[in-house]
Amino acid sequence: MGWILVTGAAKRLGAEICRKLAQQKRAVVIHYKTSHEEALQTAETCRRLGGQAEVIQGDFSSTESLQEFISNYQQRFLDTEGLVNNVGNYLIKSALDTSLQEWNALFLTNLTVPFLITRELMPSIKKHQGAIINIGTAGTLSFSSNSYSSIYHLTKTSLWMLTKNLAKELAPDLVRVNMVSPGQLDNSIDPLHYSKLPMKRYGFPSEVAEVVSFLMKKENSYITGQNIEVTGGLHV
């Protein structure tokens, strides 16, 4: 059994995903950028839950630093069977108010990073007939307009199309590629009031992580090219 890399995993949803995978006795690599202590704490919790866990630092703010991370990762972890592309940036702005610098930063973190890490780790993931899970956002499947966080939603829609394309390309290799899209969680950065939600409550990161861990299991290896929304009926 190989390692599962979870990006942006020191805190919040990424950390919860690692804990859920550890409960399955999986081996997780916890990526962080600056939250070193939180990453170590998450790793210790994962070990107590019965999984293997290691941490790795990585800066995804440029393609050069990303390539440096990938090289460092491959030197330390020779055997990777799974990848959860969780790291991402969020921006509240309309399209025309978004600067070119903000545009480039969002596409780099939310689309280019998952693509390049997936591509570079693919030989090992193919060997294991493993799984890739991209973290999306609620409403991606509706393809509706959005002027509140316009470019952020554009990057996530692009990530969904990449997910589908990779799922088809890698199906003959028995590698699964799926997306899991959270809705309004109790730790969301910019939540709607819960009274506006169909279930009148926020979701929990553990509910999203449960779906990720489900898709990572070999027993569920006939599911690919899907986007599972964990939204409590939002956008239905």
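This is a short tour of the structure, with suggestions for what to select at each stop.

The model is predicted, so local features are taken where pLDDT is at least 70 and side-chain atom pairs count only at pLDDT 80 or more, while totals for chains, interfaces and linings use all residues. Residues are numbered from 1 along each chain as its sequence is written, and side-chain values use heavy atoms, with hydrogens and water left out.

**Stop one: the largest nonpolar core**

Begin by selecting L5, L66, F69, Y73, I117 and I132, which touch the most other members of the 34-residue largest nonpolar core. A nonpolar core here is a set of buried Ala, Val, Leu, Ile, Met, Phe, Trp, Tyr and Cys residues joined through side-chain atoms within 4.5 Å, and buried means under 20% relative accessible area, with exposed over 50% and partly exposed in between (1.4 Å probe, protein chains only). To see where this core comes from, colour β1 (3–6), β2 (27–32), α3 (63–76), α4 (100–128), α5 (150–170) and β6 (176–182), the elements that each give two or more residues to the core. Helices (H or I, at least four residues) and strands (E, at least two) are DSSP runs, numbered from the N terminus. The largest share of the core, 9 residues, is supplied by α4.

Now centre the view on F69, which, leaving aside neighbours within four places in sequence, is in contact (heavy atoms within 4.5 Å) with L5, H31, I56, Q57, G58, F60 and I117. A second core, separate from this one, has 30 residues, including V6, Y32, V84 and I135.

**Stop two: the salt bridges**

The structure holds 10 salt bridges, each defined as a side-chain nitrogen of Lys or Arg within 4 Å of a carboxyl oxygen of Asp or Glu.

Select E210 and K20, whose side chains meet in a salt bridge at 3.0 Å, N to O. This pair links distant parts of the chain, for E210 is in helix α6 (residues 205–216) and K20 is in helix α1 (residues 12–23), 190 residues apart. E210 is partly exposed at 43% relative accessibility, whereas K20 is buried at 15%.

Next, select R26 and E81, a salt bridge in which the closest N and O atoms are 3.3 Å apart. Because R26 lies in the loop between α1 and β2 and E81 in strand β4 (residues 80–85), the pair ties together parts that are 55 residues apart in sequence. R26 is buried, with a relative accessible area of 6%, and E81 is buried at 5%.

For another example, select D79 and K127, which meet at 2.9 Å, N to O. D79 lies in the loop between α3 and β4 and K127 in helix α4, so this salt bridge joins parts 48 residues apart in sequence. D79 is partly exposed, at 24% relative accessibility, while K127 is exposed, at 58%.

**Stop three: two cysteines**

Select C18 and C46, and ask why the sulfur of C18 is not bonded to the sulfur of C46. The two sulfurs are 5.2 Å apart, which is too far for a bond, since a disulfide is a pair of cysteine sulfur atoms within 2.5 Å. The structure holds 0 disulfides. C18 is buried at 0% relative accessibility, and C46 is buried at 0%.

**Last stop: T231**

Finally, select T231, which lies in the segment after β7 (227–230) and is buried, with a relative accessible area of 15%. Leaving aside neighbours within four places in sequence, T231 is in contact with A138, S181, P182 and G183.
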